[in-house]
Amino acid sequence: MKLWGGRFTKETNRLVHNFNASISFDQKFYRQDIRGSIAHVTMLAKQGIISETDRDTIIKGLESILSDIENGTLYFSPESEDIHSFIEQNLIERVGEAGKRLHTGRSRNDQVALDMKLYTRDELDEIDGLLKNLLTSILKVMEEHLETYMPGFTHLQKAQPITLAHHFGAYFEMFRRDRSRICDIRSRMNLCPLGSGALAGTTYPLDRDYTASLLEFDGPTLNSMDSVSDRDYLIELLSALSTIMMHLSRFSEEIIIWNSNEYRFVEIDDSYSTGSSIMPQKKNPDIAELVRGKTGRVYGALMSLLTTMKGIPLAYNKDMQEDKELSFDAIDTVKGCITLFTGMIDTMKFNSSVMETSAKNGFTNATDAADYLVNHGVPFRDAHGIVGQLVLFCIEKNISLDDMSLKEFQAISPVFEEDIYEAIRLKTCVEKRTTIGAPGKEAMSRVIENCKEYLNL
């Protein structure tokens, strides 16, 4: 029996029922639906709209439903249209007449708006916690590798020497911003839609401020039409999740490259790798590849919801039911990716000597050789040309700048002296970069302290 069936004389076509029903996916927020209903009837009794006896009966019935769902003795019925009707029908079966008063002063429109906000808020808190765990793992690598020298890249070409700590620090800043976005969304969405009714409020003397406080919102929403048709917070959420996935995908791409035989910067732990069914030597970075691949899935959810919402007139329309599967899938995908990525980082080994050799062989200290000449009175443009000749000489000889003899240096420019070797040492190149945000140990130590304070470590 449909809760809205009184106006209808025919049963819903089975295909129509299946197409219209959302119980298969909105069952996810049974806890939020029950929590919202308990707050609603508590407010109704406070306002004298229902009796305290009915309130207590309804709350006891709702709590028994919650307990039975969670202990596995109550199963979601595909015959129910949605989670809201499933719970209400079960309540009426359990407590009788009092259960029929649960929906007083409420519409499914404001009910589903509330449930989705409560669910999203809970998920935002969980995602924030996962991001904090990831940041903690990144920070650990930063602390341990302040003097692990490696090439920094532009255009995937070796550019200047940095440290592994500095490289990972860039991702720390990305995920720090992601947490900030999550926090902003939570703050902006934290207004309670319950009491908005279908679109025009209700004639019952509801206390919306009280309901909002019971549910830990900052207050009630201020326009009932917007309240039941607002999905901005989900679009913002999917946008933030897409950005998180973009950051994870960039990181994954680098790990995939670093894990290759050509680079050998890292070795992914066996527990986060897979092999080949035919090639026994293979050890594949499948987790990183899957994270990279699933990014498109989350992007798709964002574009789908934006497209769904773009032509919907006020107020509620059934199109909005499409928000749930998209959001649920994107949230689950991101949570899984962050968790697995964190585990991969925690168990990864770094080949420090290979990284340092790569930096030396990539002429990443060429800029410092030019700076050496400038500090000895050579105009920068001339210094740039001289070092270009040095690099060309090294390429022809298949050596690094560090391997050149002083005689070979001076054959190209007599300005070079014995101290050129100290000037172009990787350690020197990195350590003299001491401005905040640079890779030098002094600067990075200050940043690490900032990161620790941020994480309350």
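The following legends describe four close-up views of a predicted model.

**View 1. Helix α4 and its length.** Helix α4 comprises 19 residues, from residue 52 to residue 70. At 1.5 Å a residue, a helix of this length should span 27 Å, and the end C-alpha atoms of α4 are indeed 27 Å apart, so the expected and modelled values agree. Just after α4, Gly-72 adopts a positive phi of about 85 degrees.

**View 2. The buried and exposed sides of helix α4.** The buried residues of α4 are Asp-54, Arg-55, Ile-58, Ile-59, Gly-61, Leu-62, Ile-65 and Ile-69. Around the helix axis they cover an arc of only 165 degrees, and they therefore lie on the same side of α4. The cover over these buried residues includes α3 (30-46) and α5 (83-95). Glu-52, Thr-53 and Lys-60 are exposed, and they are carried by the face of α4 that is turned away from the buried side.

**View 3. Two helix residues and their contacts.** Lys-132 belongs to helix α6, which runs over residues 108-144. With a relative accessible area of 28%, Lys-132 is partly exposed, because this value falls between the limits for buried (under 20%) and exposed (over 50%). When residues up to four places away in sequence are not counted, Lys-132 touches Arg-179 and Leu-455. Lys-132 and Leu-455 are 323 residues apart along the chain, yet their C-alpha atoms are separated by 7.2 Å. Thr-211 is located in helix α8. The relative accessibility of Thr-211 is 1%, so this residue counts as buried. Leaving aside residues up to four places away in sequence, the contacts of Thr-211 are with Ala-39, Met-43 and Leu-194.

**View 4. A nonpolar patch on the surface.** Leu-199, Met-225 and Leu-314 form this nonpolar surface patch. Together, the three residues present about 260 Å² of accessible area. Leu-199 is situated in the loop that lies between α7 (164-189) and α8 (208-214). The relative accessible area of Leu-199 is 37%, and the residue is therefore classed as partly exposed. Leu-199 can belong to the patch because membership requires over 30% relative accessible area.

Conventions. Residues are numbered from 1 along each chain as its sequence is written. This is a predicted model: local features need pLDDT of at least 70, side-chain atom pairs count only at pLDDT 80 or more; totals for chains, interfaces and linings use all residues. Side-chain values use heavy atoms; hydrogens and water are left out. Patches are made of residues with over 30% relative accessible area and no salt bridge: like charges are joined within 9 Å, nonpolar side chains (Val, Leu, Ile, Met, Phe, Trp, Tyr) within 5 Å. Accessible areas come from the Shrake-Rupley method with a 1.4 Å probe; for residues, only the protein chains shown count as cover. A salt bridge is a side-chain nitrogen of Lys or Arg within 4 Å of a carboxyl oxygen of Asp or Glu. Helices (H or I, at least four residues) and strands (E, at least two) are DSSP runs, numbered from the N terminus. Buried means under 20% relative accessible area, exposed over 50%, partly exposed in between (1.4 Å probe, protein chains only). The expected span of a helix is 1.5 Å times one less than its number of residues. The arc is that of the directions from the helix axis to the C-beta atoms. Contact means heavy atoms within 4.5 Å.
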